[in-house]
Amino acid sequence: MATKPAQKAGVEEEGPAVHRIRITLTSKNVKNLEKVCADLIKGAKDKQLKVKGPVRMPTKTLRITTRKSPCGEGTNTWDTFEMRIHKRLIDLHSPADVVKQITSISIEPGVEVEVTIADA
């Protein structure tokens, strides 16, 4: 008499292990950043993955205030320069090998992509 191997209650057999993947995008140019976000989300939805985002993080503003005069003489006039860094987060629930296919899209210049994989 053949018996089936005992399975734990509530545990289902799955194919590949599903991971929680966080993609962090940073850029100085908002237009390029939004384009890359839209391409990543479109690719993930084509593969029927669970997507959360893009979550817009607060913009970091880096400011430098300097004197206009090179020699330090004359009236005290100042210049202020600033650089804004925009950040977006996208969360995916998918197998790790699928992410490689999604992130193989052409990424705009000036956009940094960081992929972090955590077990769900």
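**Helix α1 and the cysteines**

The buried residues of α1 (buried meaning under 20% relative accessible area, exposed over 50% and partly exposed in between, with a 1.4 Å probe and protein chains only) are Asn32, Leu33, Val36, Cys37, Leu40, Ile41 and Ala44. Seen down the axis of α1, these buried residues fall within an arc of 165 degrees, taken from the directions from the helix axis to the C-beta atoms, so they line one face of the helix. This is a predicted model, in which local features need pLDDT of at least 70 and side-chain atom pairs count only at pLDDT 80 or more, while totals for chains, interfaces and linings use all residues. Residues are numbered from 1 along each chain as its sequence is written, and side-chain values use heavy atoms, with hydrogens and water left out.

Helix geometry and ends
- Helix α1, residues 30-46, has 17 residues that at 1.5 Å a residue should span 24 Å (1.5 Å times one less than the number of residues), and its end C-alpha atoms are 24 Å apart, which agrees.
- Helices (H or I, at least four residues) and strands (E, at least two) are DSSP runs, numbered from the N terminus.
- At the start of α1, a side-chain oxygen of Asn29 comes to within 3.1 Å of the backbone nitrogen of Lys31.
- Just after α1, Gln48 has a positive phi of about 55 degrees.

Surroundings
- The buried residues of α1 pack against β1 (19-27), β2 (50-67), β3 (78-94), α2 (96-102) and β4 (111-119), contact meaning heavy atoms within 4.5 Å.
- On the other side of α1, Lys31, Lys42, Lys45 and Asp46 are exposed.

Cysteines
- A search of the whole structure finds 0 disulfides, a disulfide being a pair of cysteine sulfur atoms within 2.5 Å.
- Cys37 is buried, with a relative accessible area of 1%, whereas Cys71 is exposed, at 59%.

Technical notes. A polar contact is a pair of N or O atoms within 3.5 Å; within protein, one must be able to donate a hydrogen and the other to accept it, and residues adjacent in sequence count only if both atoms are side-chain atoms.
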